[in-house]
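Q: How should one go about reading the features of a structure like this, step by step?
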Amino acid sequence: MFFLSDMLNRKLHLPKPSEALPGRAKAVPTASKHHVLKRPLKGPYPDGLETAMFGLGCFWGAERLFWQIEGVWVTAVGYAGGITPNPTYQETCTGLTGHTEVVLVVFDPRIVSYAELLQLFWESHDPTQGMRQGNDVGTTYRSAIYTFGDAQIQATSASRAAYEASLCGAGHGRITTEIAPAPAFYFAEADHQQYLAKNPYGYCNLKGTGIACAMPAATA
C-alpha cells in the first residue's frame, strides 16, 4: 500500500530538478509528415502562419480536436513544460520529467483566430482539475497553455478570467491551467502522432464541463 501511495504522490507533484529523469541529448525519432493532413510535421511552415500550444489531458484526443478545425495547417503531439530533455512517452508517464502532454497547433490566422482556438480549448476539457483530466491522473495530464508573444499572453489571460467567472458561477472550482511563455517542445514518438486517425477506436477521455466560454473583446 505504501508503494502505491508513493507512486501516486510522485505523479501528482512536479519533480524537483534533482529528481527529474536525465533524458538525452538527441531528439526521439518521430514521423516526418502528418498522417491526416499530409504536411511536414516539423516544417518549414508557410509564411504568415502562427503557432499555439495547448495541453488538455491525453494528447491523442486533443490533437484530433484541433486538426479538424478549418484553418489549422498542421498539428503535432509532444511534451513540454518540464525538465527532462527529449523525453520518451514512457518516461513522461512516470511523472518524473515534469512535462505535460501538449498539442502544437500551426494555424492560419486569416482563417481561424487564436481566440477561436482558445474558446475550443476552454470548452473541450475541464480546466479546474489540477493534475488530472477525469480518470487520467498525474502531472502529465495537467491543463496548460504555452504562449507565443504578447498578444497570445493577453488573449489567454483575458479569456481565463472570463471563463473562470462563468465556471464559478455554475458551481465549478477555479481554473488551474498552467499559463506560461512557450518552453521547448519535444515531439512525441511517431506512434503517438495522429494516434486516433491510425486507431479510430482508440482511447479518448476528452470531455468539457458543458459551460460555454464567451470570449471577451480583449481576445479579438
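The dialogue below concerns a predicted model and takes up its sheet, its helices and some points of its backbone.

Q: Where should I begin with the sheet, and in what order do its strands lie?
A: Strands of a sheet pair through backbone hydrogen bonds, and they do so either parallel or antiparallel. In this predicted model, six strands form an open sheet with mixed pairing, and their order is S7-S6-S1-S3-S2-S8. At the edges are strand S7 (178-181) and strand S8 (186-187), each of which pairs on one side only.

Q: How many bridges join strand S1 to strand S3?
A: Strand S1 (residues 50-55) and strand S3 (residues 100-107) run antiparallel and are joined by five bridges; to place one of them, take Thr-51, whose bridge partner in S3 is Val-106.

Q: Which strands does helix H2 touch where it packs on the sheet?
A: Helix H2 (residues 59-67) touches S1, strand S2 (72-80) and S3, and its direction makes about 160 degrees with that of S2. Eight of the nine residues of H2 are buried, so this helix is largely enclosed by the rest of the structure; among them are Phe-59, Trp-60, Phe-66 and Trp-67. The elements that cover these buried residues include, besides strands S1, S2 and S3, helix H3 (89-93), H4 and helix H6 (195-198).

Q: How is the packing of helices H4 and H5 to be described?
A: Two packed helices are described by the angle between their axes and the distance between the axes. Helix H4 (residues 114-123) packs against helix H5 (residues 150-169) at an angle of about 40 degrees, the axes being 10 Å apart. H4 and H5 are therefore oblique to each other, and their crossing is right-handed. On the H4 side the contact is made by Tyr-114, Leu-118, Trp-122 and Glu-123, which meet Gln-152, Ala-155, Thr-156, Ser-159, Arg-160 and Tyr-163 in H5; the residues of this contact divide into five nonpolar, three polar and two charged.

Q: What should I note about the backbone at Lys-38 and at Gln-194?
A: Lys-38, a residue other than glycine, has a positive phi, near 60 degrees, and Gln-194, also not a glycine, has a positive phi of about 50 degrees. Lys-38 belongs to the loop between H1 and S1 and is exposed, with a relative accessible area of 55%, whereas Gln-194 sits in the loop between S8 and H6 and is buried, with a relative accessible area of 0%.

Q: Which residues does a cis peptide bond join?
A: The cis peptide bond joins Gly-43 and Pro-44, with omega about 10 degrees, and Pro-44 lies in the loop between helix H1 (2-12) and S1.

Methods: Residues numbered from 1 in each chain as written. Predicted model: local features only at pLDDT ≥ 70, side-chain atom pairs only at ≥ 80, totals over all residues. Heavy atoms only, no water. Pairing = 2+ DSSP bridges. Helix = DSSP H or I, 4+ residues; strand = E, 2+ residues; numbered from the N terminus. Contact = heavy atoms within 4.5 Å. Axes fitted to C-alpha atoms, helices over the stretch in contact; angles between N-to-C directions. Parallel < 35°, antiparallel > 145°, perpendicular 65-115°, else oblique. Left-handed = near helix turned anticlockwise from the far one by under 90°. Nonpolar A, V, L, I, M, F, W, Y, C, P; charged D, E, K, R; others polar. Buried < 20%, exposed > 50% of the residue type's maximum accessible area, 1.4 Å probe, protein only.
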